Amino acid sequence: MAQRALVLHRWDYQETSLILDLFTEDDGRVRVVAKGAKRPKSPWRGLAQPFIPLLAEFQGRSELKTLTLLEPQQTTERLQLQGEKLYSGFYLNELIQRLVPAEGEASELFQSYLSTLHNMTASERVEPALRQFEWHLLQHLGAAFDWYYDADSGQALSNYDRCYFIPDHGFVTQARDDQQRAYLVADIEKLAAWDVDDESRLRQLKYIMRDALSVYLGDKPLRSRELFRGNHPSERS
């Protein structure tokens, strides 16, 4: 049965075919071979690329499936991601490729991903949508942390003025080293309620999410982040 899907990445395969990394609603992340997709008359030629909401079918028992159907969702057109939004879309795709296990249930994350792409298309600000997807991804990975209590003592953060974030652990009220970034508890309480209208708080949320994801991404840099920096040398990471 056909299911909703989007292409995360594609590679050339032999002379006329492509290998696609798909993010699907029912089967999560799936890798398929699209036979003949590079041929000029192939109906898949213009569809097998990122940010086009698709319907897909595939078959096979190996890790590399065979694509049997690929068509646009009704009359849905390609999501219009340009400039910073396009780089942000590539960033989302790379996070999914690197952190979401293949062929695992991910229907809620798929919906979050699709909603994030639509939100980025419709809004002038991409950061709030990116940060929300990162949080949903952490929840999917079982890595969500508590915004209200000290991960060491269990005491309410509201009893303190400042706190610190420890990746893969949570917020604590005692710094582990002198270089650790401090956060005002009042700001963390607003972030917990997803109050991100203030640019300073939004930047703090970026630091927190980046630190939280770093545990799972490891030392290998994100290619999408390097690509963005290369084309926007004045932007701060």
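**Exercise 1. The protein as a whole**

What percentage of the 237 residues of the protein count as buried? Describe also the order of the helices and strands along the chain.

*Solution.* The structure is a predicted model.

Step 1. Of the 237 residues, 43% count as buried.

Step 2. The protein contains six helices and eight strands. Along the sequence they follow the pattern β-β-β-β-β-α-α-α-β-β-β-α-α-α.

Step 3. The C-alpha atoms fill a box of roughly 65 × 40 × 30 Å, taken along the principal axes.

Step 4. Consider the contacts between residues at least 6 apart in sequence: 56% of them join residues at least 24 apart.

**Exercise 2. A sheet of three strands**

Determine the strand order of the open sheet that contains strand 6, strand 7 and strand 8, and state which strands lie at its edges.

*Solution.* A general point comes first. Strands of a sheet pair through backbone hydrogen bonds, in either a parallel or an antiparallel manner.

Step 1. Examine strand 6, residues 162-166: three bridges join it to strand 7, and the two run antiparallel. Within this pair, Phe165 stands opposite Phe171 of strand 7.

Step 2. Examine the other partner. Strand 6 is also joined to strand 8 by three bridges, again in an antiparallel arrangement. Here Tyr164 stands opposite Ala182 of strand 8.

Step 3. Combine the two pairings. The open sheet has the order 7-6-8, with antiparallel pairing. Strand 7 (170-172) and strand 8 (182-184) are the edge strands, for each pairs on one side only. From one strand to the next, the twist averages 45°.

Step 4. Add the helix that covers the sheet. Helix 4, residues 185-192, packs on the sheet and touches strand 6, strand 7 and strand 8. The direction of helix 4 makes about 70° with that of strand 8.

Step 5. Consider exposure to the surroundings. Strand 6 is mostly covered, with four of its five residues buried.

**Exercise 3. Two residues with positive phi**

Asp168 and Trp194 are to be examined: find where each lies and what phi it adopts.

*Solution.* Most residues other than glycine have a negative phi.

Step 1. Asp168 lies in the loop between strand 6 and strand 7. These two strands form a hairpin with three residues between them, in which Asp168 takes a positive phi near 65°.

Step 2. Asp168 has a relative accessible area of 55%, and it is therefore classed as exposed, the cut-off being over 50%.

Step 3. Trp194 is found in the loop between helix 4 and helix 5. Although it is not a glycine, Trp194 has a positive phi of about 60°.

Step 4. The relative accessible area of Trp194 is 23%, so this residue is partly exposed.

**Exercise 4. Around helix 5**

Is Ala193 buried or exposed, and is Arg201 buried or exposed?

*Solution.*

Step 1. Ala193 is found in the loop between helix 4 and helix 5 (199-217). Its relative accessible area is 58%, and Ala193 is therefore exposed.

Step 2. Ala193 and Trp147 are 46 residues apart along the chain, and their C-alpha atoms are separated by 9.4 Å.

Step 3. Arg201 lies in helix 5. With a relative accessible area of 9%, Arg201 is buried, because buried means under 20%.

Step 4. Leaving aside residues up to four places away in sequence, Arg201 touches Asp187, Lys190, Leu191 and Asp195.

**Exercise 5. A pocket and its lining**

Describe the second largest pocket: its volume, the elements that line it and the kinds of residue in the lining.

*Solution.* Rolling a probe the size of a water molecule over the atoms shows where empty space is left.

Step 1. The second largest pocket has a volume of about 480 Å³.

Step 2. It is lined by 17 residues, of which Leu8, His9, Glu94, Gln97 and Arg223 are the closest to its centre.

Step 3. Strand 1 (3-13), strand 3 (28-34), helix 1 (84-99) and helix 6 (223-231) are the elements that give two or more residues to the lining. Helix 1 gives the most, with five residues.

Step 4. Sorted by kind, the lining residues of this pocket comprise five nonpolar, four polar and eight charged.

Notes:
Residues are numbered from 1 along each chain as its sequence is written. This is a predicted model: local features need pLDDT of at least 70, side-chain atom pairs count only at pLDDT 80 or more; totals for chains, interfaces and linings use all residues. Side-chain values use heavy atoms; hydrogens and water are left out. Two strands pair if DSSP finds at least two bridges between them. Axes are lines fitted to C-alpha atoms, for helices over the stretch in contact, and angles run from 0 to 180 degrees between N-to-C directions. Contact means heavy atoms within 4.5 Å. On a 1 Å grid over the protein atoms alone, a cavity is a set of points where a 1.4 Å probe fits but cannot get out, and a pocket is an open set with protein on both sides within 12 Å along at least five of seven lines; lining residues have an atom within 4 Å of a point. Grid points are joined across faces, edges and corners, and a volume is the space filled by probe spheres set on the points. Ala, Val, Leu, Ile, Met, Phe, Trp, Tyr, Cys and Pro count as nonpolar, Asp, Glu, Lys and Arg as charged, and the others, Gly among them, as polar. Buried means under 20% relative accessible area, exposed over 50%, partly exposed in between (1.4 Å probe, protein chains only).
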